[in-house]
Amino acid sequence: MAETRLTRVEQGETKIRNVPIAVTPEALSDDKKPTPHRCKTLNPDDQKSSAVDTPNRNAAVAAERVPKAKNEHLPRKVSIEFGEPGTSDMRVVLFGKHGLSVKLNLHKNVIVENSNFFADRLSEQESAVPCLEIEDCEDIEIYVETVAEVIEFTPCIQSCLDYLEAVPWVGEEEEHKVVSSVLSLQKEVASVNPVLKRVSSDVSKPPKDTLSHIIELVLKSSEERGRREMKSIVLKLLRENSSTSDGISSPDMCYETIYASCRSLLNSLLSRFKHAAEPEFNERPMDIKEPVTKQVALESDNLSWLLEILAVRQAADEFAVMWASQQELACLHAKLPIMTRYHASCITARLFVGIGRGELLPSKDTRHTLLLTWLQPLINDYSWLQHGCRLFDRKLVEEGIGRTILTLPLEDQQNILLSWLGSFLKAGDNCPNLQKAFEVWVAEDFY
């Protein structure tokens with residue numbers, strides 16, 4: 001085929017685009033590494049101006065000027081050229097829609113050696129300066145951007161994969177795009193694995209083992225800020241994945257590990273309560289009392305975190321059984337200063353909220369025992385919880401307590417609500433407001 005130059009465009013507005021490109025003439029040359037290349041847009045006005053000198057041009061324009069129709073409705077024509085014609089020995093011309101065309105000045109021996117596509121197509125050419133035309137490109141910009149993949153240019157593909165393996169991926173959307181693109185090459189290119197290892201592992205380690213290890217590290221941490229932030233991160237991830245049935249959100253994942261930690265923490269908390277309830281404890285120096293108080297707060301907070309994990313996974317029924325059976329801990333509760341003991345009431349409040357929401361469904365006996373054992377200690381700490389606990393949600397807790405009571409038989413409802421009424425009439429706002437549950441019980445019992 002004869003040499004073809006695409007410097008002529010139809011009348012209309014010339015449009016210059018920055019075309020993303022994954023392969024350039026330099027990438028296909030003998031002596032240069034793949035690097036981005038600036039493209040040259042051929043403007044017909046510029047070419048005409050270079051063909052005549054300035055005085056004659058002005059005269060010709062004045063003599064031949066005629067009214068021209070507005071070109072705002074004419075199709076836009078764009079011609080883009082890559083590489084230097086003088087240093088290349090072949091051309092590839094891409095024709096797209098709306099008159100857009102792209103000319104690539106290339107080195108024949110390089111692309112034939114590295115591309116099966118070009119090797120097959122150029123074997124049919126007989127011209128000394130071959131020109132290969134590819135017509136009807138659906139989206140020419142994307143075609144140019146992905147031409148390395150289309151022409152099976154393996155070194156360029158490998159260079160792109162090396163880049164993707166090294167560069168950070170910003171955000172989930174970008175990660176999804178990269179992984180999707182790389183997966184499309186998986187059958188043809190074996191070297192995609194280093195990129196995919198960012199999002200998948202060859203090690204067949206169950207996710208529950210990893211989560212168990214994370215939980216263990218968090219519970220053993222002695223640094224408050226790091227521990228608090230990691231607790232929030234783990235809960236956030238569990239909530240985001242709670243809708244799936246496999247992987248990290250499986251209800252039985254880490255079940256044994258979490259409950260083993262709960263039992264250990266409960267035993268330790270009981271020991272701290274016994275120590276702090278000793279008559280002579282309040283007479284001891286602050287440097288002896290303060291570590292015990294801090295340990296009570298830490299172990300209670302860890303229990304609350306594990307309860308939250310179990311509630312998110314709808315696996316907290318056994319925790320309710322464990323907490324309801326802590327009669328000795330509840331008896332010691334009244335002997336401790338309120339600023340030390342109120343952490344235990346936070347656990348009680350979360351259990352009532354969970355039952356009210358339906359996050360956990362303990363048996364009737366467990367619900368009844370839980371109310372008999374822990375409702376009064378919660379009432380005793382209620383004033384402190386409202387003013388000293390920034391995460392305490394009074395409305396949510398009162399709703400949870402009321403709903404828990406109403407799940408019991410009417411006789412049990414009566415006993416618990418009448419006991420609550422005595423406390424409410426004495427303490428007022430310093431007692432949970434269970435009027436809604438009280439009204440429901442009265443309506444059921446009297447009518």
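In what handedness of crossing does α14 pass α16? In this predicted model, α14 passes α16 in a left-handed crossing. The two elements span residues 317-324 (helix α14) and residues 338-357 (helix α16), and their axes come within 11 Å and cross at roughly 135°. The pair α14 and α16 is therefore oblique. From α14, the residues Phe319, Ala320 and Trp323 meet Ala344, Ile347, Thr348 and Leu351 of α16. Classified by residue type, this contact of α14 with α16 comprises six nonpolar residues, one polar residue and no charged residues.

The chain as a whole contains 21 helices and five strands. Of its 447 residues, 40% count as buried. Contacts in the chain between residues at least 6 apart in sequence were also examined, and 69% of them join residues at least 24 apart.

In soluble globular proteins, nonpolar side chains tend to be buried together. The largest nonpolar core of the model has 70 residues, of which Trp305, Leu306, Ile309, Phe319 and Trp323 touch the most other members. A second core, separate from the largest, consists of 15 residues, including Phe82, Leu94, Phe118 and Cys137. Phe319 and Trp323 of the largest core also take part in the contact between α14 and α16. When neighbours within four places in sequence are left aside, tryptophan 323 is in contact with Leu266, Leu329, Ala344, Ile347, Thr348, Leu351, Leu370 and Trp374.

Phenylalanine 352 is likewise placed in helix α16. Its relative accessible area is 0%, and phenylalanine 352 is therefore buried. Apart from neighbours within four places in sequence, the contacts of phenylalanine 352 are Leu370, Leu371, Leu375, Leu378, Gly400, Ile401 and Thr404. Leu370 thus appears among the contacts of both tryptophan 323 and phenylalanine 352. Between phenylalanine 352 and isoleucine 405, the C-alpha to C-alpha distance is 9.5 Å, although these residues are 53 residues apart in sequence.

A second helix pair involves helix α20 (residues 410-427) and helix α21 (residues 435-446), which pack at an angle of about 135° with their axes 10 Å apart. This angle makes α20 oblique to α21. The crossing in which α20 passes α21 is left-handed. On the α20 side, the contact is formed by Leu410, Gln413, Gln414, Leu417, Leu418, Trp420, Leu421 and Phe424, and on the α21 side by Gln435, Ala437, Phe438, Trp441, Glu444 and Asp445. By class, the contact of α20 with α21 has nine nonpolar, three polar and two charged residues.

Two further residues were considered individually. Lysine 289 lies in helix α13, which covers residues 286-312. The relative accessibility of lysine 289 is 17%, so this residue counts as buried, the cut-off being under 20%. Beyond neighbours within four places in sequence, lysine 289 is in contact with Phe281, Asn282 and Arg284. Glutamine 314 occupies the loop between α13 and α14. With a relative accessible area of 61%, glutamine 314 is exposed, the cut-off for this class being over 50%. The phi angle of glutamine 314 is near 55°, which is a positive value in a residue other than glycine.

Notes. Residues numbered from 1 in each chain as written. Predicted model: local features only at pLDDT ≥ 70, side-chain atom pairs only at ≥ 80, totals over all residues. Heavy atoms only, no water. Core = buried A, V, L, I, M, F, W, Y, C linked by side-chain atoms within 4.5 Å. Buried < 20%, exposed > 50% of the residue type's maximum accessible area, 1.4 Å probe, protein only. Contact = heavy atoms within 4.5 Å. Axes fitted to C-alpha atoms, helices over the stretch in contact; angles between N-to-C directions. Helix = DSSP H or I, 4+ residues; strand = E, 2+ residues; numbered from the N terminus. Parallel < 35°, antiparallel > 145°, perpendicular 65-115°, else oblique. Left-handed = near helix turned anticlockwise from the far one by under 90°. Nonpolar A, V, L, I, M, F, W, Y, C, P; charged D, E, K, R; others polar.
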